[in-house]
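Reader: I'd like to go through this model with you and ask how each label was earned. Could you show it first?

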Amino acid sequence: MTDAVNGLEVKPDITLVDGVNTNLPINAEYVVKGDLKSYTIGCASILAKVYRDNLMVEWAKTYPEYGFEKHKGYGTKLHYEMIAEHGICEEHRRTFLKKILRCLLLRELQVGQLTDLKSCLQAVRLFDLHI
């Protein structure tokens, strides 16, 4: 979001942000559950979701093996399975991948398939992450 704000040619007097303080470099009002409390934030959320869903359909043409058109990039079981099977592509956000990696490693530990630190580090390298 900071990149988006920094890229604005005309800086707003105030920005409404859905969620917690992200320390934007402009005057901002942070509204937890803002899409429920603010008509403006709610409309922006709808526009962002429609844009993202359309983007996922486009990415599915380039990366059909990931099923982006089905899960729209959300952390669904299918999305996790596709990443586990195919690895990551350049469109995957690293912040999301850290979350999915934690979930996958926890699941593997729970079912006893990941039993030592060496296996854990190999799993981290599989996703090309640095933790």
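Reader: Where do Glu81 and Lys77 lie, and how many residues apart are they?

Author: Keep in mind that this is a predicted model. Both Glu81 and Lys77 sit in helix H5, four residues apart, or about one turn of the helix.

Reader: What makes Glu81 and Lys77 a salt bridge?

Author: The N to O distance between their side chains is 3.9 Å. The cut-off is a Lys or Arg side-chain nitrogen within 4 Å of a carboxyl oxygen of Asp or Glu, so the pair qualifies. As background, side chains of opposite charge can pair when their charged atoms come close.

Reader: Why is Lys77 called exposed, and what is Glu81 called?

Author: Lys77 has a relative accessibility of 63%, and exposed means over 50%, so the label fits. Glu81 comes out at 38%, which falls between 20% and 50%, so Glu81 is partly exposed.

Reader: How many salt bridges does a search of the whole structure find?

Author: Three. Among them is Asp53 with Lys49, where the closest N and O atoms are 2.8 Å apart. That value is within 4 Å, so this pair counts too.

Reader: Why are Asp53 and Lys49 separated by about one helical turn?

Author: Because they are four residues apart in helix H3, which covers residues 39-62.

Reader: How do you know whether Asp53 is buried or exposed?

Author: Its relative accessibility is 15%, and buried means under 20%, so Asp53 is buried. Its partner Lys49 has 39%, which lies between the two cut-offs, so Lys49 is partly exposed.

Reader: And what makes Lys61 and Glu58 a salt bridge?

Author: Their closest N and O atoms are 3.1 Å apart. Set against the 4 Å cut-off, that passes, so it's a salt bridge. These two residues are three apart in helix H3, again about one helical turn. Lys61, at 60%, is over the 50% mark and therefore exposed, while Glu58, at 43%, is under that mark but over 20%, so it is partly exposed.

Reader: Which residues gather in the patch of positive charge on the surface?

Author: Arg93, Lys98, Lys99 and Arg102. Lys and Arg count as positive, so the sign of the patch follows from those names.

Reader: What makes Arg93 accessible enough for that patch?

Author: Patch residues need over 30% relative accessible area, and Arg93 has 48%, so it meets that requirement. The same 48% is under 50%, so Arg93 is called partly exposed. Its place is in the loop between helix H5 (77-86) and helix H6 (94-110).

Reader: Back in helix H5, why is Ala84 called partly exposed?

Author: Ala84, which lies in that helix, has a relative accessible area of 43%, between 20% and 50%, so that's the label. The C-alpha atoms of Ala84 and Leu101 are separated by 9.5 Å, with their positions 17 residues apart along the chain.

Reader: Let's zoom out. How many helices and strands does the protein chain have?

Author: Seven helices and two strands. From the N terminus the order is α-β-β-α-α-α-α-α-α.

Reader: What share of the residues is buried?

Author: Of the 131 residues in the protein chain, 30% are buried. The chain exposes about 9,300 Å², with carbon and sulfur atoms supplying 57% of that area.

Technical notes: Residues are numbered from 1 along each chain as its sequence is written. This is a predicted model: local features need pLDDT of at least 70, side-chain atom pairs count only at pLDDT 80 or more; totals for chains, interfaces and linings use all residues. Side-chain values use heavy atoms; hydrogens and water are left out. Patches are made of residues with over 30% relative accessible area and no salt bridge: like charges are joined within 9 Å, nonpolar side chains (Val, Leu, Ile, Met, Phe, Trp, Tyr) within 5 Å. Accessible areas come from the Shrake-Rupley method with a 1.4 Å probe; for residues, only the protein chains shown count as cover. The place of a charge is taken as NZ of Lys, CZ of Arg, CG of Asp or CD of Glu. Buried means under 20% relative accessible area, exposed over 50%, partly exposed in between (1.4 Å probe, protein chains only).
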